[in-house]
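Me: Please pick one part of this model and go through it closely with me. I would like to see how that part is built and what surrounds it.

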Amino acid sequence: MMEDKLKFVFRPFISALIGLVVGYSFLHWVVVIKFGLLQPKDKVVELVVPALLSILLVIFYIYPRVKVLRLRDHFFYAVVAWVGLVIPTAIAQDYMVTVTGTLTELTSVREMDRHKPTRFYKLRSYHPDKEISPSYATYDVSGRNSEDFNMHLYVVCPIRETPNVPYADTPSVWLGEHYKERISNRMKHEKKEKAYTLFVEQGRIKFAETVTSFSVYFERIDSRSKYHDGFMKAISLYPGAVSDPIILMRMSESLYSKNESNKQRLLIALLIVTVLWFLMSAIPKIDPNELKRVKAGKPDMDARREWHEWRTFVLPHKGFFVTPILVYINVGVFLLMTVLGHGFIYVSPQVLLDWGACYAPMVMEGQWWRLLTAIFLHGGVAHLCANMVWLVLVGIDLEHKMSRMMYLLIYFLSGLLGSLTSILWNGEAVGVGASGAIMGLFGAFIALLITGVYPKGFVKSLLINAGVFVGMNLLMGLAGGIDNAAHIGGLLCGFVLGIGCSPFLKRAHHR
């Protein structure tokens, strides 16, 4: 039995792990590092792509083999396998950058323009000009329920060859530092504002105190780095800066030490994942029926039925046509933002504004289209996934009861009214997300339930489900960090439209 476990569960995972780490790292080196055919953000290369590739490996290669184990929940094993593939692969990309990175040694900053750009530098002589130190501050929220308020400060100063260069000299090489602090997003607005101001002041003081401390190792920050946009915004505040400056960040250790550290992290991650999966493979008992099926090479009929059921949620079909298309649009916009390097776990407010987020001052200036575009934008992958799950769940029950045009009308009008309520209630907030439109669909769904459009035998359970969703969303909104105004506006709009549509739907369904 142990031999079967090793053959059908342990070995496939290990082969997938090695293949992904080695194969994707080689692809990363060829396409991005060596030939520069693509220049995506580091976060996309290190996390987003490995996460997507790991999902495919788990679904089509690992999960079918896990079924030979007698388990109550095979899905848990699939999640562990996914995490076990993603983490070592992500760490391997850091190692790939350092182990293949070129270290250029320079005697002064003037020599930087004479050499081909590299990722790492050893600079023997330089003079930070702390008299010029523009800074850029921003924030974001994180956590499952947006409970964390993360403050960021980007401070820069020119690096000059000698300390006596006139200020009229246009600086082309800058030294940058990034500071970050996290506080609770549950705090009152006044306290958060005070903490934010104090964080910025302390960060600028710390930069002034430490900028002259000597370091010889630097990493060049280009457009792929997560720090690049923040540093560029800080540099742009200095009127004499060049449009394409060289930005350096000090390294706390040499390139060799950094490389050894990354290698150690990778080996530890591979060891932990291997031991964990071995135990998860060895401890459970074998399912003899599944083992017999796998050895005989017969198809997994349960998996086929699951795939067929899954397709009903994914592919548009009669009675469930509009909802999948709305999901595709929302996911497509988010993936496009991710590929262009604008974030995955979190998307900054400035990026969302650039893409059409709802913001009261801009809307009042005549940019009314933001009321609509905002409902197709999301602040991160968790925000997107939560909204799309609820959209699918309400669409299954609601869409087959009304025409596609009526369904779309409720969706868009609820989204528009949700955005409008948001800017009237939260004048300075940047509003995004499909939740206002989705709450409108739930409002319409509740209206149809209480007006008798649905059979009486299903009304009670469906009302409970809809009430749980609405209650959860409004309750989480009270905790802060969530746009409850858009939720309430969308919900009321959908409910009123549902009441208005119910007589026509009742007649249509009783003919």
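Reply: What follows starts from a strand, moves on to the salt bridges, and ends at the surface. The model is predicted, so local features need pLDDT of at least 70 and side-chain atom pairs count only at pLDDT 80 or more, while totals for chains, interfaces and linings use all residues. Residues are numbered from 1 along each chain as its sequence is written, and side-chain values use heavy atoms, leaving out hydrogens and water.

Let us begin with strand β2, residues 120-123. Strands here are DSSP runs of E with at least two residues, helices are runs of H or I with at least four, and both are numbered from the N terminus. In a regular strand, side chains alternate between the two faces of the sheet. Here F120 and K122 lie on one side and Y121 and L123 on the other, and all are buried, leaving both faces of β2 covered. Buried means under 20% relative accessible area, exposed means over 50%, and partly exposed is in between, using a 1.4 Å probe and protein chains only.

Now to the neighbours of β2; two strands pair if DSSP finds at least two bridges between them. Strand β1 (residues 103-106) runs parallel to β2, joined to it by 4 bridges, and E105 has K122 as its bridge partner. Strand β7 (residues 217-220) pairs with β2 in the antiparallel sense over 3 bridges, with E219 of β7 opposite F120.

Next come the salt bridges, each a side-chain nitrogen of Lys or Arg within 4 Å of a carboxyl oxygen of Asp or Glu. The structure holds 10 of them. One is between D129 and R160, at 2.9 Å from N to O. Because D129 sits in the loop between β3 (127-128) and β4 (135-142) and R160 in strand β5, this pair ties together parts that are 31 residues apart in sequence. D129 is buried at 9% relative accessibility, and R160 is buried too, at 5%. Salt bridges that share partners also join D42, R119 and E219 into one network.

In the loop between β1 and β2 we find R110, whose side chain meets that of E161 in a salt bridge, again 2.9 Å from N to O. E161 is in the loop between β5 (148-160) and β6, so the pair ties together parts 51 residues apart in sequence. R110 is exposed at 53%, whereas E161 is partly exposed at 26%.

Another salt bridge pairs R265 with D94, their closest N and O atoms being 3.9 Å apart. R265 belongs to helix α6 (residues 255-282) and D94 to helix α3, 171 residues apart. R265 is partly exposed at 36%, as is D94 at 25%.

Finally, the surface carries a nonpolar patch of about 980 Å² accessible area, with W82, F75 and L52 among its members. Helices α2 (42-66) and α3 (74-100) are the elements that give two or more residues to this patch, and α2 gives the most, with 6. W82, in helix α3, is partly exposed at 31% relative accessibility. Patch residues have over 30% relative accessible area and no salt bridge; nonpolar side chains (Val, Leu, Ile, Met, Phe, Trp, Tyr) are joined within 5 Å and like charges within 9 Å. Accessible areas come from the Shrake-Rupley method with a 1.4 Å probe, and for residues only the protein chains shown count as cover.
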